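Good morning, colleagues. Please take a moment with the sequence and the structure before I begin.

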Amino acid sequence: MKTLPIAIALILFAATSPIYAQSVSAPVNASNYEEPPTLSAKEILNPAFLAGDGFSVKDEVPTSTGRNRYLIVSEYGEFEADGNIMLERRIKEVAAIRKLKETSRTDQYKKALLAAASSPLVVAKDVVTNPVGTITGIPKGLFKFVGRARQSVKERSHGRERSQYEDSNAANLIGFSKAKRAVAIQLGVDPYSSNETLQRELNGIAWATFAGKMTFSVATLPIGGAAGLALTSAGVTNTLNKALIDQAPAELRLRNLNGMLAMGCDRATANRFNTNTAFSPSVQTAIVMNLETLKGVANRAAFVDLAGSEATDEGDALFFLGTSRMLAELHARKPLARLQQVGRLPVALGRDGRAVVALQWDYAAWTDNAANFIGLLKASDFGKKPSGLMIAISGDASPLAQQKLKEANIELNPRIVPGPLK
């Protein structure tokens, strides 16, 4: 079985799990291990993320492999959230679904549907709201509404697989997807979300704005504000949102390719990241933008290489997203000099000579894998740095994990990006 390099990063505080198994040297102190606990949502979450209009979060929150596992119960169904980042996204999406459903009951929406029914675009409704995946699905008479095909046709001719998060090429070419992206960004949600319920509601309202010329607006944003706040470091949100509205997925990939080449990635590494369909176009673009904020940091290609090679699902993609955002936040506080690797784990070197391990980690327990990793890290060249070692995590650590890291003379910096936590 192939050993996943991302697993080496995840064993920092992981429980024993087949997908994250990794053979390492025996722990330095093989005593007092703990099992990852089940936490209480009432104790750890900001009240706004615990319950609200039409939703509540189950109190039991199992933890494993660094992620808090939530169950959201809503009037639109139950949604699982694999980690703090996904919880933020899903709660915003519940609020967005509620707003979209309210809009679909208005007279304005009904009038827009009547207008759409008499539009020449009506023949394309099934094509754009039920994606077909190829540009051949566009009725020939609609090509007068189509701008230039741009990069999407080229990508299709090269056989690139479209990710699960994207609309059909037909929807992009006639402009429906741009209307849909604008609605999503107004609502503060990711237009490429994997939430099927949200996507159905977005399609309905976007069709009314696109073919029926309805104006869609929201008086207030859902919890957490605009979509970029959960994706990028401070100062990048507006840039990301504008890119998501204005640029189709193929154009985003071209933008990201140029960005990665400019930061020193070779083309093979950049292409591998760009063609990895575990990443949605929005998450992929946010990662590149986060890395672009690391001005003057050498070897950012090391991070791109890991992300492109090892992400296999949405959970992995969000891990790399959160970690890239943490690196950007840390760099803003105290400049980093270089990204390197211990094995296949990215480690940042600060300009002050300190080695920094930054991870999107919701809760850190002291497991045998944690002890193994600390032994590996201490034995590496980074462990011998006179300026010391620092481990930064997005969330919290157990009292035992805090104690063990202190005994190992490793500084723990928790809650770099606390997200929905109190």
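Tyrosine 109 counts as buried, because its relative accessibility is 13%, and buried here requires a value under 20%. I should say at once that the model is a predicted one. Tyrosine 109 belongs to helix α5. Setting aside residues up to four places away in sequence, tyrosine 109 touches Thr103, Ser104, Gly204, Ile205, Ala208 and Met214. As for its spatial relation to lysine 213, the two residues are 104 apart in sequence, yet their C-alpha atoms are 9.8 Å apart.

Let us place that residue in its helix. Helix α5 spans residues 107-117, and its buried residues are Tyr109, Ala112 and Ala116. These residues lie on the same side of α5, because they cover an arc of only 60 degrees around the axis. Which exposed residues does the face turned away from the buried side of α5 carry? They are Asp107, Lys111, Leu114 and Ala117. The cover over the buried residues of α5 includes α4, residues 84-103, and α10, residues 196-210.

I turn now to a second helix, α11, which runs over residues 237-246. Its buried residues are Thr237, Leu240, Asn241, Ala243 and Leu244. Their arc around the axis is only 165 degrees, and therefore they sit on the same side of α11. Asn238 and Lys242 are exposed on the other side of α11. Against what do the buried residues of α11 pack? Their partners are α9 (176-187), α12 (249-262) and α14 (281-292).

Within α14 we find threonine 285. Threonine 285 counts as buried because its relative accessibility is 0%. With neighbours within four places in sequence left aside, threonine 285 is in contact with Leu240, Leu252 and Asn256. Leu240 is one of the buried residues of α11 just named. Between threonine 285 and arginine 253 there are 7.7 Å from C-alpha to C-alpha, while in sequence they are 32 residues apart.

Next, the internal spaces. Rolling a probe the size of a water molecule over the atoms shows where empty space is left. A search of the whole structure yields seven cavities of 30 Å³ or more. The largest cavity holds about 100 Å³ of space. It is lined by 14 residues, and those closest to its centre are Arg67, Asp82, Gly83, Phe319 and Gln360. What is the character of the residues in this lining? Five are nonpolar, six are polar and three are charged. Helices α4 and α16 each supply at least two residues of the lining, α16 being residues 314-333. The largest share comes from α16, with three residues. Helix α4, then, appears twice in this account: in the lining of the largest cavity and in the cover over the buried residues of α5.

Finally, the chain as a whole. The protein chain has 422 residues, of which 57% are buried. Its secondary structure amounts to 18 helices and 13 strands. How much area does the chain expose? The figure is about 17400 Å², with carbon and sulfur atoms supplying 52% of it. Of the contacts between residues at least 6 apart in sequence, 68% join residues at least 24 apart. The contact of threonine 285 with Leu240 is one that you may wish to locate in the structure before you. Thank you for your attention.

Methods. Residues are numbered from 1 along each chain as its sequence is written. This is a predicted model: local features need pLDDT of at least 70, side-chain atom pairs count only at pLDDT 80 or more; totals for chains, interfaces and linings use all residues. Side-chain values use heavy atoms; hydrogens and water are left out. Buried means under 20% relative accessible area, exposed over 50%, partly exposed in between (1.4 Å probe, protein chains only). Helices (H or I, at least four residues) and strands (E, at least two) are DSSP runs, numbered from the N terminus. The arc is that of the directions from the helix axis to the C-beta atoms. Contact means heavy atoms within 4.5 Å. Accessible areas come from the Shrake-Rupley method with a 1.4 Å probe; for residues, only the protein chains shown count as cover. On a 1 Å grid over the protein atoms alone, a cavity is a set of points where a 1.4 Å probe fits but cannot get out, and a pocket is an open set with protein on both sides within 12 Å along at least five of seven lines; lining residues have an atom within 4 Å of a point. Grid points are joined across faces, edges and corners, and a volume is the space filled by probe spheres set on the points. Ala, Val, Leu, Ile, Met, Phe, Trp, Tyr, Cys and Pro count as nonpolar, Asp, Glu, Lys and Arg as charged, and the others, Gly among them, as polar.
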